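This report goes through one protein model, from single residues to the whole chain. The structure is shown first, and the text follows it.

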Amino acid sequence: MMGNSIQVKYLKNQLDIYPDESISGFLFRLSQCNHYHNVNYLSKYLCLSFYEVQNNQFTHESLRKLNDLNGGLVSFGLNNGYELEERIGLDLYTKILMRNKVKYCPLCIRDKYYHRTMWMVVPCHLCIEHKVKLVDQCPKCDYVISMAAFFDQKCTKCSFEFIYTESIVIENRIFVESQIQLSNGFWNDNFMIMKSCNFVDFLKLAFHSFHLLNGAPDYISLTLEDLSIFHNRSNGEKSGLILATAIANVYWMYNEFPNHFFLVLDNFLTRNRGQVNYEKLKAFDDLFDVKGFLWVQEAYNAFFINQIDKGKIRRDFSIFKKNPDLLLNRTNVRREEVRQLTGIAYEKLDELSDYQKLKLEKILSNGISRYLVEKATLDNYLNEKESLISRKEVGLVFGINSYSVNNVVSAGYLTPIQIAKSPNRQFQLDEVKKLMERCSGQIVIELDPNFIKFHDVLIKFSTCSLTIVDIISFTLSGQLKPVRILPTGTLADNYYEENEIKICLEIVKRSKQEENGFYFQDVMKKLKIGEKRLWRIIKENDIAADFTLHMKDGRKRYYFKEDTISKIKLFISNQDNEIKLKRKIGDK
């Protein structure tokens with residue numbers, strides 16, 4: 001009797017375990033070597049179910065007992081699949097472990113007939129030594145091969161002897177290379193299968209990438225069929241070849257990165273639409289919640305930014321909903337989106353493009369014409385538009401009327417801007433503020449009685465032709481030094497020293513005289529004659545003013561230059577000489 005009442009300390013026939021032999025395979029071989037009808041005798045003693053025994057699921061206690069039965073000859077380690085679940089995690093362990101059946105290499109079993117640890121891993125489907133495909137079902141009747149059938153060396157259903165299995169060599173370079181890398185990674189945690197990915201990281205990357213590859217063409221050309229990676233759990237089983245082919249496609253996908261990665265994404269978008277698209281992408285980008293895949297995320301983001309730049313996807317695409325800041329990195333914006341966000345009509349966009357304020361590009365996407373606006377030019381236009389103010393708003397900043405703003409512009413202190421065909425001229429707010437800041441008075445606590453407020457200056461000296469432009473000019477030149485009580489405000493809040501104003505008035509007067517001539521009243525003073533006589537001489541001799549200023553109230557102001565005044569003086573002199581001559585004749 002073997003059961004729990006076993007009396008012997010160890011088995012009669014003891015074995016060494018091969019370096020790469022699975023613990024399950026060793027137990028079946030040990031049971032067979034000791035002529036037990038099946039493995040159940042030993043499994044009951046080890047307190048394990050048949051399911052656990054054939055799937056390499058051993059506890060520490062069961063392995064201790066097994067080693068004792070074998071006379072303490074063996075030590076179970078990583079190469080035998082010991083603590084594989086702890087090493088790769090439950091999730092991956094569940095996905096890659098082959099359950100309730102086995103596979104084998106036809107050439108390996110002819111050499112030595114035992115079960116290799118690597119044969120437990122579903123995506124490992126190539127014998128690295130012989131470069132032949134592993135067999136996971138009866139070559140004759142396609143029936144599954146259990147561990148018990150494997151050690152009976154024949155099919156349970158048709159009795160085909162596995163030793164006679166024909167070997168199939170796989171020559172596909174990418175498939176073979178990926179299988180070698182996977183095998184090396186399985187045995188060595190520090191081995192990088194590719195780009196900073198060890199065995200565990202690569203499998204995590206692979207299982208997320210399957211969501212992009214499922215339904216895609218076989219990029220490594222091992223088969224002519226599209227990839228169908230996810231098996232139907234209701235009536236299907238995990239296929240080692242399908243999973244190995246999928247793994248090889250993942251290996252290809254991340255080689256020559258990111259070019260192959262972009263090809264897969266582009267094909268994915270072509271094949272998938274709507275909700276299916278969203279669900280598969282969501283399943284893939286869950287990868288970015290796992291540490292260590294920033295390099296994939298950066299390329300993934302760059303791809304979709306490129307797609308939106310080409311007008312192939314819209315801003316409501318899932319990746320941009322999840323991370324809206326990515327939209328800041330795009331270079332183009334769809335025309336309809338610009339209209340929606342800014343309210344700028346299509347006709348206006350065309351006009352701005354004609355005037356090179358915006359760069360508008362027409363492209364064909366799936367036979368449909370799309371218009372893209374270069375984001376940099378759009379941002380510049382919107383920033384410029386936001387910084388522009390109207391003539392009326394300039395007046396509010398300075399505290400003057402719109403007519404006076406025109407005079408300030410004509411004097412060259414502000415630069416008008418006209419956008420496209422707009423009839424309105426606008427002004428840079430920053431330029432306006434800087435000019436106002438230069439014209440603002442120094443802040444004082446108390447005002448000297450000699451200081452006059454801005455508008456009072458204009459009223460008091462209006463007859464002397466002192467204008468707002470003159471006040472700005474004298475302020476900028478330092479000849480006027482305004483002050484104010486309030487820290488902020490307009491020109492209306494400035495005060496000016498009266499003596500400085502009078503000095504400036506003299507400058508204005510001289511300038512006007514040089515430009516337009518002397519005012520009528522100044523001519524009277526200069527010639528020392530009365531108004532009536534001056535008018536009479538001008539009219540009698542048909543002398544015209546050099547410059548006539550038409551006032552708003554309809555009045556006129558006449559200006560005379562030096563030459564004209566000299567002419568008037570000559571007429572006055574002649575007239576005086578005639579009067580003197582008449583007086584002399586009268587006296588005689």
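Glu351 is buried in this predicted model, because its relative accessible area of 18% falls under the 20% cut-off. The residue belongs to helix α17, which covers residues 346-354. Apart from neighbours within four places in sequence, Glu351 is in contact with Ala420, Lys421 and Ser422.

Tyr558 is a contrasting case. With a relative accessible area of 25%, this residue is partly exposed, and its place is in strand β14. When residues up to four places away in sequence are left out, Tyr558 touches Phe518, Tyr519, Phe520, Trp535, Ala545, Phe547 and Thr548. Lys362 lies 196 residues from Tyr558 along the chain, and the C-alpha atoms of these two residues are separated by 63 Å.

**The sheet around β14**

In which order do the three strands of the open sheet lie? The order is β12-β14-β13, with antiparallel pairing. Strands β12 (518-519) and β13 (547-550) are the edges, each of them pairing on one side only. In general, the strands of a sheet pair through backbone hydrogen bonds.

Strand β14 comprises residues 556-560 and is joined to β13 by four bridges, the two strands running antiparallel. Within this pairing, Thr548 stands opposite Tyr558, and Phe547 has Tyr559 as its bridge partner. On the other side, β12 and β14 are paired over two bridges, also in the antiparallel sense. Here Phe518 has Phe560 of β14 as its bridge partner.

The hairpin of β13 and β14 has five residues between its strands, and Gly554 in this hairpin takes a positive phi near 95 degrees.

Helix α25 covers residues 520-527, and its buried residues include Phe520, Asp522, Val523, Met524 and Leu527. Phe520 is also one of the residues that Tyr558 touches. After α25 comes Lys528, which has a positive phi near 55 degrees.

**Helices α10 and α12**

Helix α10 (residues 199-213) packs against helix α12 (residues 259-271) at an angle of about 45 degrees, and their axes are 9 Å apart. The two helices are therefore oblique to each other. On the α10 side, the contact is made by His211, Leu212 and Leu213. Helix α12 contributes Phe261, Val264, Leu265, Phe268 and Arg271. Sorted by class, the contact comprises six nonpolar residues, one polar residue and one charged residue.

The loop between α11 (240-253) and α12 holds Pro258. The peptide bond that leads from Phe257 to Pro258 is cis, and its omega is near 5 degrees.

**Positive phi in two loops**

Asn56 and Glu83 each have a positive phi although neither is a glycine. The table sets out their values and places.

| Residue | Phi | Loop | Relative accessible area |
|---|---|---|---|
| Asn56 | near 65 degrees | between α3 (50-54) and α4 (60-69) | 6% |
| Glu83 | near 55 degrees | between α4 and α5 (84-88) | 35% |

Is Asn56 buried or exposed? Asn56 is buried, because its 6% is under the 20% cut-off. Glu83 counts as partly exposed, because its 35% lies between the cut-offs of 20% and 50%.

**The chain as a whole**

How many helices and strands does the protein chain have? There are 27 helices and 14 strands. Of the 588 residues in the chain, 44% are buried.

The C-alpha atoms fill a box of roughly 180 × 55 × 35 Å along the principal axes. The radius of gyration of the chain is 49 Å, whereas a compact globule of 588 residues would have one near 25 Å.

Among contacts in the chain with a separation of 6 or more, 62% are between residues 24 or more positions apart.

Terms used:
Residues are numbered from 1 along each chain as its sequence is written. This is a predicted model: local features need pLDDT of at least 70, side-chain atom pairs count only at pLDDT 80 or more; totals for chains, interfaces and linings use all residues. Side-chain values use heavy atoms; hydrogens and water are left out. Two strands pair if DSSP finds at least two bridges between them. Axes are lines fitted to C-alpha atoms, for helices over the stretch in contact, and angles run from 0 to 180 degrees between N-to-C directions. Angles under 35 degrees count as roughly parallel, over 145 as roughly antiparallel, 65 to 115 as roughly perpendicular and the rest as oblique. Contact means heavy atoms within 4.5 Å. Ala, Val, Leu, Ile, Met, Phe, Trp, Tyr, Cys and Pro count as nonpolar, Asp, Glu, Lys and Arg as charged, and the others, Gly among them, as polar. The radius of gyration is taken over C-alpha atoms; the globule rule is 2.2 Å times the number of residues to the power 0.38. Buried means under 20% relative accessible area, exposed over 50%, partly exposed in between (1.4 Å probe, protein chains only).
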